Structure formats: C-alpha cells, structure tokens
Amino acid sequence: MSTMITEECINCGVCEPECPNEAISEGEETFVINPALCTECVGFHGKEQCAEVCPVDCCVPDPNNPEDEELLFKRAKEIHPDQADGLELGPETSRFRAS
Ligand code: SF4
C-alpha cells in the first residue's frame, strides 16, 4: 500500500524532508503524499520515514491502494534511475523484510 496522511495531520512539516522520493507536499488542508511517488521507502529504508517522524502518527498505509514490494521497488528504481543499481532489498531497505 502506498502511505497516506490522515486528517489528523497538524501541518508541522516534519515529514516532508524525510521522504526519499519527494512525495510529500503541503496540501490544501493537510500535508499530502503523492501515491505515484510513494514507495513506502522500499529501496531506502526498512520503515516509512514519514511515519517514523510524525508526532501524531497520521502517516498510515492506504487501505484503498495496496501495492506489493516488487511494484514499490520497481517504482523506486524508476524515480531514481541514477541510483537504480545501488538500490537493494533487505531488512534495512524494505519494510516487507524488516524484522
Ligand atoms: Fe502532518 Fe505528520 Fe507530516 Fe507533521 S509529520 S506534516 S503531522 S503528516
């Protein structure tokens, strides 16, 4: 699933610079995540970094947009063609493998 920001967001902005894909921006009511750029941090981190830093825990999996690791990793490589060879899957770089 891509990650989404719920209406509980307090617009603190802490999450925005943490996203490796620049998928987070300020929306009309709250900060928002562009699902076309969200990889749930697969390829970079073992956990979604927005969820890690959010003070009100409002970065959550979008139940209406389930996506598997293969798709998310493919997207990460497409977004970062210059780093594609360096991206990898493992406990530190995919929430699907994190313990
Ligand atoms: Fe909203 Fe959480 Fe991001 Fe702050 S860290 S802007 S509360 S989603």
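What percentage of the 99 residues in the protein is buried? In this predicted model, buried residues account for 41% of the 99 residues in the protein. The accessible surface of the protein amounts to about 5,900 Å², and carbon and sulfur atoms contribute 46% of that surface. The C-alpha atoms occupy a box of roughly 35 × 30 × 25 Å along the principal axes. For 99 residues, a compact globule would be expected to have a radius of gyration near 13 Å, and the value of 13 Å computed for the protein therefore agrees with that expectation.

The secondary structure consists of two helices and four strands, which follow one another along the sequence in the pattern β-β-β-α-β-α. Among contacts between residues at least 6 apart in sequence, 69% join residues that are at least 24 apart.

In soluble globular proteins, nonpolar side chains tend to be buried together. In the present model, the largest nonpolar core comprises 13 residues, of which Ile5, Ile24, Ile33 and Cys50 touch the most other members. When neighbours within four places in sequence are set aside, Ile33 is in contact with Thr3, Met4, Ile5, Ala23, Ile24, Cys38 and Cys50. Apart from the largest core lies another core, of six residues, which includes Val42, Phe44, Phe73 and Ala76.

The surroundings of the ligand were examined next. The shell around the ligand contains 13 residues, and those that come nearest are Cys9, Cys12, Gly13, Cys15 and Cys54. When this shell is sorted by class, eleven residues are nonpolar and two are polar, whereas no charged residue is present.

Several loop positions were then considered individually. Thr30 is placed in the loop between strand 2 (24–26) and strand 3 (31–33), and, because its relative accessibility is 13%, which is under the 20% cut-off, Thr30 counts as buried. Not counting residues up to four places away in sequence, Thr30 touches Ile5, Thr6, Glu7, Cys9, Asn11 and Ser25. Of these contacts, Ile5 is among the members of the largest nonpolar core that touch the most other members, and Cys9 is one of the residues that come nearest to the ligand.

Cys41 is found in the loop between strand 3 and helix 1 and is likewise a buried residue, with a relative accessible area of 6%. Leaving aside neighbours within four places in sequence, the contacts of Cys41 are Pro20, Lys47, Glu48, Gln49 and Thr93. The C-alpha atom of Cys41 is separated by 10 Å from that of Arg75, a residue that is 34 residues apart from Cys41 along the chain.

Two further loop residues have a positive phi although neither is a glycine. Glu22, with a phi of about 55°, is located in the loop between strand 1 (3–5) and strand 2, and, because its relative accessibility is 68%, Glu22 counts as exposed. Asp57, for which phi is also about 55°, is located in the loop between helix 1 (49–53) and strand 4 (59–61), and its relative accessibility of 61% is the reason why Asp57 counts as exposed.

Conventions:
Residues are numbered from 1 along each chain as its sequence is written. This is a predicted model: local features need pLDDT of at least 70, side-chain atom pairs count only at pLDDT 80 or more; totals for chains, interfaces and linings use all residues. Side-chain values use heavy atoms; hydrogens and water are left out. A residue is near a molecule or strand if one of its heavy atoms lies within 4 Å of it. Ala, Val, Leu, Ile, Met, Phe, Trp, Tyr, Cys and Pro count as nonpolar, Asp, Glu, Lys and Arg as charged, and the others, Gly among them, as polar. The radius of gyration is taken over C-alpha atoms; the globule rule is 2.2 Å times the number of residues to the power 0.38. Buried means under 20% relative accessible area, exposed over 50%, partly exposed in between (1.4 Å probe, protein chains only). Contact means heavy atoms within 4.5 Å. Accessible areas come from the Shrake-Rupley method with a 1.4 Å probe; for residues, only the protein chains shown count as cover. A nonpolar core is a set of buried Ala, Val, Leu, Ile, Met, Phe, Trp, Tyr and Cys residues joined through side-chain atoms within 4.5 Å.
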